Amino acid sequence: MSLASLPFRRLVTATNQSTKIAGARFTSTTAESSETEKTQQQEETTTAIPSWNDYFNLRKKRRMYEMVACVPSAIAPTIGSIAYFSQLEIDPFTTFFGMDPVMASALATVGAGVGGFMVGPIIGNGLFKAMNGKIAPAMDARDKAFFERIKANRADARLNSIRNPVPDYYGEKIQSVADYRSWLRKQREHYRKGVFGGKSDGLEDD
């Protein structure tokens, strides 16, 4: 190895070390930035929706929006279908998909009503967000946190049976903190019955 190559090798080594240090600093800065954003988001969520009971009250309000929206979203396509098929000239000798024209139009009308009813919750949720735009991001954050709690604490679906069905697997019936604690007890009791065949009276809440 020539002496002339030593300065070059030292320069390459120093450059590599500087690159590693810069990369480590960038990773650390990115992690700190992500942690700061997460903290800010949590603070904003807590400010907009201070407690879980407030979240559950808003959840019930949103559910009401969804249920109310189901009515017009089901009626409108049903009436539209009736108006459309009533204007058609139906040939009694013609079939639609092998069915009588009257029967086919009736099934199409029912299908339009059912489809509109299923779209209702989506419309209701959109109206709720439009009417409560300031808390919509905080509501989404609470929804995510709540679902994570449900997913982490619900009983194993593999233990489900006719005699021991999973109680409220998605937590849809929870409307308060007290309901959530009761839900936890039911999940533990379901697990105890599924594994040991007994009750979980001695278990405590979180």
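How many helices and how many strands are there in the protein? Switch your viewer to cartoon mode and count: there are five helices and zero strands. Keep in mind as you go that this is a predicted model.

**Stop 1: the whole chain**

Colour the cartoon from the N terminus on, and the elements run α-α-α-α-α. Now turn on a surface. The protein exposes about 15000 Å², and carbon and sulfur atoms supply 60% of that area. Of its 206 residues, 22% count as buried. If you like contact maps, here is a figure to go with yours: among contacts between residues at least 6 apart in sequence, 66% join residues at least 24 apart.

**Stop 2: Trp52 and its neighbours**

Select Trp52, Tyr55, Phe56 and Phe146, and show them as sticks. Together these four residues form one aromatic cluster. The structure holds 10 aromatic pairs, and one of them is the pair of Trp52 and Phe146. Their ring centres are 6.5 Å apart, and with 50 degrees between the planes the pair is tilted. Which helices does this pair tie together? Trp52 lies in helix H2 and Phe146 in helix H4, so the contact links parts that are 94 residues apart in sequence.

Is Phe146 buried or exposed? Phe146 is buried, with a relative accessible area of 5%. Trp52, in contrast, counts as partly exposed at 22% relative accessibility; the cut-off for buried is under 20%, so Trp52 falls in the class between buried and exposed.

Before leaving, add Arg142 to the selection. Arg142 lies over the face of Trp52, at 4.6 Å from the ring centre.

**Stop 3: along helix H2**

Move on to Arg62, which is also found in helix H2. What does Arg62 touch, leaving out residues up to four places away in sequence? The contacts are Asn125, Phe128, Met139 and Asp143. Arg62 counts as buried, at 13% relative accessibility.

Next, select Arg63 and Glu66. Their side chains meet in a salt bridge, 3.4 Å from N to O. Look down the helix to see the spacing: the two residues are three apart in helix H2, which means they are separated by about one helical turn. The partners differ in how they are covered: Arg63 is partly exposed, with a relative accessible area of 47%, while Glu66 counts as buried at 13%.

**Stop 4: more salt bridges**

Side chains of opposite charge can pair when their charged atoms come close. How many salt bridges does a search of the whole structure find? The search finds six, and two more of them are worth a visit here.

Start with Lys129 and Asp140, whose closest N and O atoms are 3.6 Å apart in a salt bridge. Lys129 lies in helix H3 and Asp140 in helix H4 (residues 136-153), so this pair ties together parts that are 11 residues apart in sequence. Lys129 is partly exposed, with a relative accessible area of 34%, and Asp140 is partly exposed too, at 36%.

Then select Arg158 and Asp156. In this salt bridge the closest N and O atoms are 2.7 Å apart. Arg158 is exposed, with a relative accessible area of 74%, whereas Asp156 is partly exposed at 29%.

**Stop 5: a nonpolar patch on the surface**

Bring the surface back and select Tyr84, Leu88, Ile90 and Val102. These residues make a nonpolar surface patch of about 380 Å². Where is Leu88 found? Leu88 is in the loop between helix H2 (52-86) and helix H3 (101-131). It is partly exposed, with a relative accessible area of 39%. A residue needs over 30% relative accessible area to be part of a patch, so Leu88 at 39% meets that condition.

**Stop 6: back to the helix H2 and helix H4 contact**

To finish, return to Trp52 and Phe146, the pair that ties helix H2 to helix H4. With that view saved, add one more aromatic pair: Tyr169 and Tyr170. Their rings are edge-to-face, 5.1 Å centre to centre with 90 degrees between the planes. Tyr169 is partly exposed, with a relative accessible area of 26%.

Definitions and conventions:
Residues numbered from 1 in each chain as written. Predicted model: local features only at pLDDT ≥ 70, side-chain atom pairs only at ≥ 80, totals over all residues. Heavy atoms only, no water. Patch = residues over 30% accessible without salt bridge, like charges linked within 9 Å, V, L, I, M, F, W, Y side chains within 5 Å. Areas by Shrake-Rupley, 256 points an atom, 1.4 Å probe, with all protein chains shown as cover. Salt bridge = Lys/Arg side-chain N within 4 Å of Asp/Glu carboxyl O. Helix = DSSP H or I, 4+ residues; strand = E, 2+ residues; numbered from the N terminus. Buried < 20%, exposed > 50% of the residue type's maximum accessible area, 1.4 Å probe, protein only. Phe/Tyr/Trp six-rings, centres within 6.5 Å; stacked < 30°, edge-to-face > 60°. Lys NZ or Arg CZ within 6 Å of the ring centre and 35° of its normal. Contact = heavy atoms within 4.5 Å.
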